[in-house]
Amino acid sequence: MNIHEYQAKLLFKQNGVPVPDGYLATNPTEAEFAMRRLGTEVAVVKAQVHAGGRGKAGGVKLAKSPEECRKIAEAMIGMDLITHQTYPEGKKVHKVYVEAGSKIVKEYYLALFLDRENAGIGIMFSTEGGMDIEEVAAKTPEKIATVVVDPTVGLQGHHIRQLCWSMNLPAAEQKEMTPIVRNLYKMFIKYDYSMLEINPLIVNDQGKMFALDGKMNFDDNALYRQKDVELFRDYLEEDEREVTASKYGLSYIGLDGNIGCLVNGAGLAMATMDIVKHYGGKPANFLDVGGGASQETVTNAFRILFADPGVKGLFVNIFGGIMRCDVIANGIVAAAKELGLRVPMVVRLEGTNVEQGKEILKKSGLNLYAASDMADGAKKIVELVK
Ligand code: GDP
Ligand code: MN
(Lines give C-alpha, C1' and ligand atoms only; values in the text may rest on other atoms or scores of the structure.)
(Ligands and ions follow the chains in the order given, each with its own letter.)
Protein backbone atom coordinates (compact mmCIF):
# COMPACT_ATOMS: atom_id res chain seq x y z
CA MET A 1 0.00 0.00 0.00
CA ASN A 2 1.17 3.52 -0.83
CA ILE A 3 0.22 6.78 0.85
CA HIS A 4 0.34 10.45 -0.11
CA GLU A 5 3.24 12.79 0.54
CA TYR A 6 1.21 14.84 3.05
CA GLN A 7 0.41 11.66 4.99
CA ALA A 8 4.03 10.56 4.91
CA LYS A 9 4.99 13.95 6.30
CA LEU A 10 2.50 13.58 9.17
CA LEU A 11 4.24 10.35 10.08
CA PHE A 12 7.66 12.00 9.75
CA LYS A 13 6.58 14.83 12.01
CA GLN A 14 5.23 12.45 14.65
CA ASN A 15 8.41 10.45 14.63
CA GLY A 16 11.07 13.11 14.83
CA VAL A 17 11.99 13.57 11.19
CA PRO A 18 11.97 17.30 10.35
CA VAL A 19 9.59 18.49 7.63
CA PRO A 20 8.51 22.00 6.59
CA ASP A 21 5.12 23.20 7.82
CA GLY A 22 2.26 22.64 5.44
CA TYR A 23 -1.49 22.24 4.98
CA LEU A 24 -3.62 20.12 2.74
CA ALA A 25 -6.05 21.89 0.38
CA THR A 26 -8.85 20.41 -1.68
CA ASN A 27 -9.89 23.66 -3.38
CA PRO A 28 -8.30 27.00 -4.36
CA THR A 29 -9.71 28.89 -1.36
CA GLU A 30 -8.20 26.43 1.06
CA ALA A 31 -4.89 26.71 -0.78
CA GLU A 32 -4.93 30.51 -0.50
CA PHE A 33 -5.72 30.34 3.20
CA ALA A 34 -3.06 27.70 3.73
CA MET A 35 -0.43 30.13 2.49
CA ARG A 36 -1.81 32.98 4.61
CA ARG A 37 -1.63 30.72 7.60
CA LEU A 38 1.96 29.73 6.81
CA GLY A 39 2.85 33.41 6.56
CA THR A 40 5.89 32.68 4.39
CA GLU A 41 7.12 34.67 1.39
CA VAL A 42 7.18 31.57 -0.75
CA ALA A 43 4.98 28.49 -0.62
CA VAL A 44 5.25 25.32 -2.63
CA VAL A 45 2.06 23.86 -4.09
CA LYS A 46 2.39 20.12 -4.58
CA ALA A 47 -0.03 17.78 -6.35
CA GLN A 48 -0.98 14.85 -4.13
CA VAL A 49 -1.03 11.76 -6.30
CA HIS A 50 0.50 8.34 -5.81
CA ALA A 51 3.27 8.84 -8.35
CA GLY A 52 6.76 10.26 -8.40
CA GLY A 53 8.29 12.62 -10.92
CA ARG A 54 5.74 15.34 -10.16
CA GLY A 55 8.33 18.11 -10.24
CA LYS A 56 9.21 17.67 -13.91
CA ALA A 57 5.56 17.14 -14.85
CA GLY A 58 4.27 20.45 -13.44
CA GLY A 59 2.97 19.01 -10.19
CA VAL A 60 5.25 21.12 -7.95
CA LYS A 61 5.01 24.92 -8.26
CA LEU A 62 6.28 27.88 -6.26
CA ALA A 63 3.83 30.61 -5.18
CA LYS A 64 5.02 34.09 -4.15
CA SER A 65 1.69 35.28 -2.74
CA PRO A 66 -1.56 33.76 -1.42
CA GLU A 67 -3.32 34.98 -4.60
CA GLU A 68 -0.79 33.20 -6.76
CA CYS A 69 -1.11 30.14 -4.56
CA ARG A 70 -4.83 30.19 -5.25
CA LYS A 71 -4.27 30.43 -9.02
CA ILE A 72 -1.80 27.56 -9.04
CA ALA A 73 -4.16 25.37 -7.02
CA GLU A 74 -7.00 26.27 -9.38
CA ALA A 75 -5.01 24.97 -12.33
CA MET A 76 -3.61 21.95 -10.51
CA ILE A 77 -6.73 20.54 -8.85
CA GLY A 78 -8.65 18.54 -11.42
CA MET A 79 -5.78 18.24 -13.89
CA ASP A 80 -4.48 14.91 -15.13
CA LEU A 81 -0.86 14.82 -14.03
CA ILE A 82 1.26 12.78 -16.42
CA THR A 83 4.62 11.69 -15.04
CA HIS A 84 7.00 8.90 -16.05
CA GLN A 85 5.43 6.80 -13.30
CA THR A 86 1.79 7.10 -14.40
CA TYR A 87 -0.13 5.55 -17.27
CA PRO A 88 -0.20 7.74 -20.41
CA GLU A 89 -3.56 9.25 -19.42
CA GLY A 90 -2.03 10.45 -16.14
CA LYS A 91 -3.51 10.71 -12.66
CA LYS A 92 -6.29 13.05 -11.61
CA VAL A 93 -5.21 15.55 -8.95
CA HIS A 94 -7.82 15.77 -6.16
CA LYS A 95 -5.83 17.72 -3.59
CA VAL A 96 -2.68 19.75 -3.17
CA TYR A 97 -0.28 20.21 -0.29
CA VAL A 98 0.74 23.79 0.43
CA GLU A 99 4.07 23.89 2.15
CA ALA A 100 6.39 26.58 3.47
CA GLY A 101 9.07 27.20 0.83
CA SER A 102 12.58 26.06 1.69
CA LYS A 103 15.86 27.71 0.74
CA ILE A 104 17.58 24.69 -0.71
CA VAL A 105 21.37 24.63 -0.52
CA LYS A 106 21.86 20.90 -1.09
CA GLU A 107 19.62 18.02 -2.15
CA TYR A 108 20.41 14.51 -0.91
CA TYR A 109 18.72 11.14 -1.30
CA LEU A 110 17.98 8.79 1.56
CA ALA A 111 16.04 5.54 1.49
CA LEU A 112 15.43 2.50 3.67
CA PHE A 113 14.28 -0.71 2.07
CA LEU A 114 13.77 -4.36 2.73
CA ASP A 115 16.92 -6.00 1.40
CA ARG A 116 15.79 -9.56 0.71
CA GLU A 117 19.08 -10.61 -0.80
CA ASN A 118 20.98 -9.77 2.38
CA ALA A 119 18.11 -10.53 4.76
CA GLY A 120 18.33 -7.09 6.31
CA ILE A 121 17.25 -3.49 6.16
CA GLY A 122 19.18 -1.58 3.53
CA ILE A 123 19.94 2.12 3.87
CA MET A 124 20.86 4.00 0.73
CA PHE A 125 22.31 7.48 0.76
CA SER A 126 23.39 9.72 -2.08
CA THR A 127 24.55 13.29 -2.51
CA GLU A 128 22.66 13.37 -5.84
CA GLY A 129 19.21 14.10 -4.48
CA GLY A 130 16.29 15.55 -6.40
CA MET A 131 17.18 13.37 -9.38
CA ASP A 132 15.99 10.04 -10.58
CA ILE A 133 17.95 7.62 -8.38
CA GLU A 134 17.85 4.90 -11.05
CA GLU A 135 19.69 7.27 -13.33
CA VAL A 136 22.29 8.04 -10.65
CA ALA A 137 22.77 4.31 -10.05
CA ALA A 138 23.29 3.69 -13.76
CA LYS A 139 25.59 6.62 -14.55
CA THR A 140 27.46 7.38 -11.33
CA PRO A 141 27.12 4.42 -8.95
CA GLU A 142 30.02 5.76 -6.86
CA LYS A 143 27.72 8.55 -5.72
CA ILE A 144 25.48 6.11 -3.85
CA ALA A 145 26.44 4.53 -0.53
CA THR A 146 24.57 1.52 0.84
CA VAL A 147 24.74 -0.29 4.17
CA VAL A 148 22.76 -3.29 5.36
CA VAL A 149 21.53 -3.46 8.93
CA ASP A 150 21.02 -6.83 10.54
CA PRO A 151 17.59 -6.44 12.20
CA THR A 152 18.53 -8.78 15.05
CA VAL A 153 21.34 -6.39 16.00
CA GLY A 154 19.74 -3.12 14.95
CA LEU A 155 21.10 0.15 13.67
CA GLN A 156 24.54 1.07 15.03
CA GLY A 157 26.54 4.29 14.97
CA HIS A 158 29.00 2.82 12.49
CA HIS A 159 26.28 2.32 9.89
CA ILE A 160 25.52 6.03 9.88
CA ARG A 161 29.19 7.01 9.95
CA GLN A 162 29.87 4.77 6.98
CA LEU A 163 27.08 6.39 4.96
CA CYS A 164 28.26 9.90 5.80
CA TRP A 165 31.97 9.27 5.38
CA SER A 166 31.68 7.51 2.04
CA MET A 167 29.85 10.59 0.74
CA ASN A 168 32.34 13.01 2.39
CA LEU A 169 29.61 14.70 4.35
CA PRO A 170 30.72 17.74 6.41
CA ALA A 171 30.70 17.11 10.18
CA ALA A 172 27.84 19.56 10.78
CA GLU A 173 25.63 17.73 8.28
CA GLN A 174 26.54 14.36 9.74
CA LYS A 175 25.33 15.69 13.07
CA GLU A 176 22.04 16.75 11.48
CA MET A 177 21.58 13.48 9.66
CA THR A 178 22.34 11.09 12.52
CA PRO A 179 19.03 11.49 14.43
CA ILE A 180 17.12 11.47 11.14
CA VAL A 181 18.53 8.06 10.19
CA ARG A 182 17.94 6.76 13.72
CA ASN A 183 14.30 7.86 13.67
CA LEU A 184 13.71 6.55 10.16
CA TYR A 185 15.06 3.17 11.20
CA LYS A 186 12.69 3.10 14.20
CA MET A 187 9.83 4.01 11.86
CA PHE A 188 10.80 1.27 9.44
CA ILE A 189 10.37 -1.34 12.17
CA LYS A 190 7.29 0.27 13.71
CA TYR A 191 5.26 0.63 10.52
CA ASP A 192 6.33 -2.47 8.56
CA TYR A 193 7.52 -0.59 5.50
CA SER A 194 8.88 -2.35 2.49
CA MET A 195 10.34 0.95 1.28
CA LEU A 196 10.73 4.44 2.64
CA GLU A 197 12.30 7.14 0.50
CA ILE A 198 13.17 10.79 0.99
CA ASN A 199 14.09 12.52 -2.24
CA PRO A 200 15.18 15.19 -1.70
CA LEU A 201 16.48 15.36 1.84
CA ILE A 202 17.64 18.96 1.83
CA VAL A 203 20.09 21.17 3.67
CA ASN A 204 18.75 24.72 3.93
CA ASP A 205 20.57 28.04 4.24
CA GLN A 206 20.70 27.59 8.02
CA GLY A 207 22.44 24.22 7.64
CA LYS A 208 19.31 22.38 8.78
CA MET A 209 18.09 19.17 7.17
CA PHE A 210 14.48 18.57 6.12
CA ALA A 211 12.58 15.84 4.34
CA LEU A 212 11.09 17.70 1.37
CA ASP A 213 9.41 14.66 -0.11
CA GLY A 214 8.32 11.31 1.29
CA LYS A 215 7.41 8.08 -0.44
CA MET A 216 6.27 5.22 1.74
CA ASN A 217 5.41 1.73 0.76
CA PHE A 218 3.84 -0.57 3.33
CA ASP A 219 4.01 -4.34 3.41
CA ASP A 220 0.43 -5.39 2.60
CA ASN A 221 0.84 -8.61 4.57
CA ALA A 222 1.40 -6.59 7.74
CA LEU A 223 -1.51 -4.18 7.28
CA TYR A 224 -3.67 -6.21 9.65
CA ARG A 225 -1.55 -4.86 12.51
CA GLN A 226 -1.24 -1.33 11.12
CA LYS A 227 -4.79 -0.13 11.63
CA ASP A 228 -3.79 3.55 11.75
CA VAL A 229 -1.84 3.25 8.54
CA GLU A 230 -4.73 1.55 6.81
CA LEU A 231 -6.85 4.63 7.47
CA PHE A 232 -4.50 6.52 5.14
CA ARG A 233 -5.60 4.35 2.25
CA ASP A 234 -6.94 6.49 -0.59
CA TYR A 235 -9.14 4.45 -2.90
CA LEU A 236 -9.26 7.32 -5.41
CA GLU A 237 -5.60 6.62 -6.14
CA GLU A 238 -5.98 2.94 -6.71
CA ASP A 239 -7.00 1.06 -9.81
CA GLU A 240 -10.74 0.49 -9.39
CA ARG A 241 -10.39 -3.02 -10.81
CA GLU A 242 -7.73 -3.85 -8.22
CA VAL A 243 -9.85 -2.53 -5.34
CA THR A 244 -12.76 -4.76 -6.43
CA ALA A 245 -10.43 -7.74 -6.89
CA SER A 246 -8.98 -7.36 -3.41
CA LYS A 247 -12.52 -7.39 -1.98
CA TYR A 248 -13.06 -10.73 -3.71
CA GLY A 249 -9.71 -12.00 -2.46
CA LEU A 250 -8.31 -12.29 -5.98
CA SER A 251 -4.73 -11.79 -6.99
CA TYR A 252 -5.19 -9.16 -9.70
CA ILE A 253 -3.06 -6.46 -11.27
CA GLY A 254 -4.52 -4.11 -13.86
CA LEU A 255 -2.52 -3.43 -17.04
CA ASP A 256 -3.18 -1.24 -20.07
CA GLY A 257 -3.64 -3.91 -22.76
CA ASN A 258 -6.93 -5.27 -24.17
CA ILE A 259 -6.80 -9.04 -23.63
CA GLY A 260 -8.34 -10.04 -20.31
CA CYS A 261 -6.59 -13.08 -18.88
CA LEU A 262 -8.05 -15.50 -16.37
CA VAL A 263 -5.55 -18.06 -15.19
CA ASN A 264 -4.93 -20.31 -12.20
CA GLY A 265 -1.50 -20.15 -10.63
CA ALA A 266 0.86 -17.19 -10.64
CA GLY A 267 3.47 -18.97 -12.77
CA LEU A 268 0.96 -19.90 -15.44
CA ALA A 269 -0.46 -16.36 -15.29
CA MET A 270 2.99 -14.94 -16.02
CA ALA A 271 3.55 -17.46 -18.81
CA THR A 272 0.15 -16.56 -20.27
CA MET A 273 1.01 -12.87 -20.37
CA ASP A 274 4.31 -13.73 -22.03
CA ILE A 275 2.75 -15.85 -24.72
CA VAL A 276 0.05 -13.27 -25.46
CA LYS A 277 2.84 -10.70 -25.92
CA HIS A 278 4.83 -13.17 -27.98
CA TYR A 279 2.00 -13.36 -30.51
CA GLY A 280 1.70 -9.58 -30.63
CA GLY A 281 -1.13 -9.02 -28.12
CA LYS A 282 -1.31 -6.92 -24.95
CA PRO A 283 -2.69 -8.33 -21.70
CA ALA A 284 -5.24 -6.18 -19.84
CA ASN A 285 -4.36 -7.74 -16.54
CA PHE A 286 -2.62 -10.32 -14.47
CA LEU A 287 -5.18 -12.52 -12.75
CA ASP A 288 -4.55 -15.62 -10.73
CA VAL A 289 -7.75 -17.16 -9.36
CA GLY A 290 -5.65 -19.45 -7.20
CA GLY A 291 -5.47 -23.17 -6.83
CA GLY A 292 -8.64 -24.01 -4.95
CA ALA A 293 -10.98 -21.34 -6.31
CA SER A 294 -14.70 -21.93 -5.98
CA GLN A 295 -17.26 -21.33 -8.72
CA GLU A 296 -18.14 -18.06 -6.99
CA THR A 297 -14.52 -16.86 -7.07
CA VAL A 298 -14.38 -17.64 -10.78
CA THR A 299 -17.63 -15.77 -11.40
CA ASN A 300 -16.29 -12.78 -9.47
CA ALA A 301 -13.10 -12.87 -11.51
CA PHE A 302 -15.15 -12.74 -14.70
CA ARG A 303 -17.17 -9.91 -13.25
CA ILE A 304 -14.02 -7.76 -13.12
CA LEU A 305 -12.92 -8.73 -16.62
CA PHE A 306 -16.41 -8.20 -18.10
CA ALA A 307 -16.75 -4.80 -16.45
CA ASP A 308 -13.42 -3.51 -17.77
CA PRO A 309 -14.17 -1.40 -20.88
CA GLY A 310 -10.55 -1.86 -21.97
CA VAL A 311 -11.06 -5.61 -22.40
CA LYS A 312 -11.70 -6.52 -26.04
CA GLY A 313 -11.20 -10.25 -25.70
CA LEU A 314 -10.90 -12.91 -23.01
CA PHE A 315 -8.35 -15.63 -22.69
CA VAL A 316 -9.04 -18.31 -20.10
CA ASN A 317 -6.05 -20.54 -19.52
CA ILE A 318 -6.57 -23.20 -16.90
CA PHE A 319 -4.46 -26.10 -15.87
CA GLY A 320 -6.63 -28.14 -13.58
CA GLY A 321 -4.48 -29.62 -10.87
CA ILE A 322 -6.23 -28.91 -7.61
CA MET A 323 -8.56 -26.66 -9.58
CA ARG A 324 -11.18 -28.66 -11.47
CA CYS A 325 -12.02 -27.78 -15.06
CA ASP A 326 -15.76 -28.33 -14.50
CA VAL A 327 -15.74 -25.72 -11.72
CA ILE A 328 -14.12 -23.22 -14.07
CA ALA A 329 -16.58 -24.07 -16.82
CA ASN A 330 -19.54 -23.55 -14.50
CA GLY A 331 -18.03 -20.24 -13.39
CA ILE A 332 -17.70 -19.10 -16.99
CA VAL A 333 -21.28 -20.05 -17.82
CA ALA A 334 -22.72 -18.41 -14.68
CA ALA A 335 -20.81 -15.18 -15.30
CA ALA A 336 -21.72 -15.08 -18.99
CA LYS A 337 -25.40 -15.60 -18.16
CA GLU A 338 -25.39 -12.90 -15.53
CA LEU A 339 -23.32 -10.29 -17.33
CA GLY A 340 -23.59 -11.18 -21.00
CA LEU A 341 -20.57 -12.05 -23.09
CA ARG A 342 -19.81 -8.97 -25.17
CA VAL A 343 -16.33 -9.88 -26.40
CA PRO A 344 -14.77 -12.95 -28.02
CA MET A 345 -13.51 -15.58 -25.61
CA VAL A 346 -10.89 -18.26 -26.01
CA VAL A 347 -10.75 -21.06 -23.46
CA ARG A 348 -7.96 -23.52 -22.95
CA LEU A 349 -8.68 -26.22 -20.41
CA GLU A 350 -6.35 -28.99 -19.38
CA GLY A 351 -6.14 -31.38 -16.45
CA THR A 352 -8.63 -32.65 -13.88
CA ASN A 353 -12.17 -33.17 -15.23
CA VAL A 354 -11.25 -31.59 -18.55
CA GLU A 355 -13.84 -33.59 -20.50
CA GLN A 356 -16.65 -32.55 -18.15
CA GLY A 357 -15.49 -28.96 -18.40
CA LYS A 358 -15.53 -28.99 -22.18
CA GLU A 359 -18.94 -30.64 -22.17
CA ILE A 360 -20.39 -27.92 -19.92
CA LEU A 361 -19.07 -25.19 -22.20
CA LYS A 362 -20.37 -26.93 -25.32
CA LYS A 363 -23.85 -27.44 -23.87
CA SER A 364 -24.04 -23.82 -22.72
CA GLY A 365 -24.22 -22.66 -26.31
CA LEU A 366 -21.81 -19.83 -25.54
CA ASN A 367 -19.91 -18.48 -28.49
CA LEU A 368 -16.34 -19.34 -27.61
CA TYR A 369 -13.27 -20.85 -29.14
CA ALA A 370 -11.88 -23.96 -27.49
CA ALA A 371 -8.11 -23.92 -27.88
CA SER A 372 -6.15 -27.12 -28.25
CA ASP A 373 -3.20 -25.76 -26.29
CA MET A 374 -1.75 -22.58 -24.82
CA ALA A 375 -0.02 -21.37 -28.00
CA ASP A 376 -3.11 -22.05 -30.10
CA GLY A 377 -5.24 -20.11 -27.60
CA ALA A 378 -2.89 -17.14 -27.44
CA LYS A 379 -2.64 -16.92 -31.24
CA LYS A 380 -6.41 -17.13 -31.58
CA ILE A 381 -7.28 -14.41 -29.06
CA VAL A 382 -4.68 -12.02 -30.52
CA GLU A 383 -6.27 -12.61 -33.93
CA LEU A 384 -9.79 -12.09 -32.59
CA VAL A 385 -9.15 -8.73 -30.89
CA LYS A 386 -7.44 -7.29 -33.96
P1 GDP B 1 8.66 14.56 -7.09
O2 GDP B 1 9.13 15.21 -8.37
O3 GDP B 1 7.33 13.88 -7.25
O4 GDP B 1 9.69 13.66 -6.51
O5 GDP B 1 8.39 15.76 -6.04
P6 GDP B 1 9.35 16.47 -4.98
O7 GDP B 1 8.58 16.69 -3.76
O8 GDP B 1 10.63 15.70 -4.81
O9 GDP B 1 9.66 17.88 -5.63
C10 GDP B 1 10.42 18.00 -6.83
C11 GDP B 1 11.45 19.10 -6.72
O12 GDP B 1 10.82 20.34 -6.43
C13 GDP B 1 12.44 18.91 -5.59
O14 GDP B 1 13.51 18.05 -5.94
C15 GDP B 1 12.92 20.31 -5.34
O16 GDP B 1 14.00 20.63 -6.18
C17 GDP B 1 11.72 21.17 -5.72
N18 GDP B 1 11.08 21.68 -4.49
C19 GDP B 1 10.22 21.04 -3.67
N20 GDP B 1 9.94 21.79 -2.60
C21 GDP B 1 10.64 22.95 -2.73
C22 GDP B 1 10.80 24.13 -1.93
O23 GDP B 1 10.24 24.27 -0.85
N24 GDP B 1 11.61 25.11 -2.42
C25 GDP B 1 12.25 24.99 -3.60
N26 GDP B 1 13.02 25.98 -4.03
N27 GDP B 1 12.15 23.90 -4.36
C28 GDP B 1 11.36 22.88 -3.94
MN1 MN C 1 10.89 13.55 -4.91
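# Exercises on ligand 1, helix α3 and His159

An oxygen atom of ligand 1 lies 2.5 Å from an N or O atom in the side chain of Lys46. The model is predicted, so local features need pLDDT of at least 70 and side-chain atom pairs count only at pLDDT 80 or more, while totals for chains, interfaces and linings use all residues. Residues are numbered from 1 along each chain as its sequence is written, chains are lettered from A and ligands numbered from 1 in the order in which they are written, and side-chain values use heavy atoms, with hydrogens and water left out.

**Exercise 1.** Describe the polar contacts and the cover of ligand 1.

Step 1. A polar contact is a pair of N or O atoms within 3.5 Å; within protein, one must be able to donate a hydrogen and the other to accept it, and residues adjacent in sequence count only if both atoms are side-chain atoms.

Step 2. Besides the Lys46 pair at 2.5 Å, a ligand oxygen is 2.9 Å from a polar backbone atom of Ser102, and a ligand oxygen is 3.0 Å from a polar backbone atom of Asn199.

Step 3. Of the 570 Å² of accessible area that ligand 1 has on its own, the protein covers 80% (Shrake-Rupley method, 1.4 Å probe; for residues, only the protein chains shown count as cover).

**Exercise 2.** State where the shell around ligand 1 comes from.

Step 1. There are 17 residues around the ligand, and Val44, Lys46, Arg54, Gly55 and Glu107 come nearest (near: a heavy atom within 4 Å).

Step 2. Strands β2 (43-47), β7 (104-115) and β10 (193-204) each supply at least two shell residues (strands are DSSP runs of E, at least two residues; helices are runs of H or I, at least four; both are numbered from the N terminus).

Step 3. Domain 1 (1-20 + 103-238) and domain 2 (21-101) each give at least three residues; the bounds come from an automatic or database domain assignment.

**Exercise 3.** Locate the buried side of helix α3.

Step 1. Buried means under 20% relative accessible area, exposed over 50%, partly exposed in between (1.4 Å probe, protein chains only).

Step 2. In α3 (residues 66-76), Pro66, Cys69, Ile72, Ala73 and Met76 are buried. They lie on the same side of α3 because they cover an arc of only 115 degrees around the axis, taken from the directions from the helix axis to the C-beta atoms.

Step 3. Lys71 and Ala75, on the other side, are exposed.

**Exercise 4.** Characterise His159.

Step 1. His159 belongs to helix α5 (residues 157-166).

Step 2. Its relative accessible area is 8%, so His159 is buried.

Step 3. A polar atom of its side chain lies 2.9 Å from the backbone nitrogen of Gln156.
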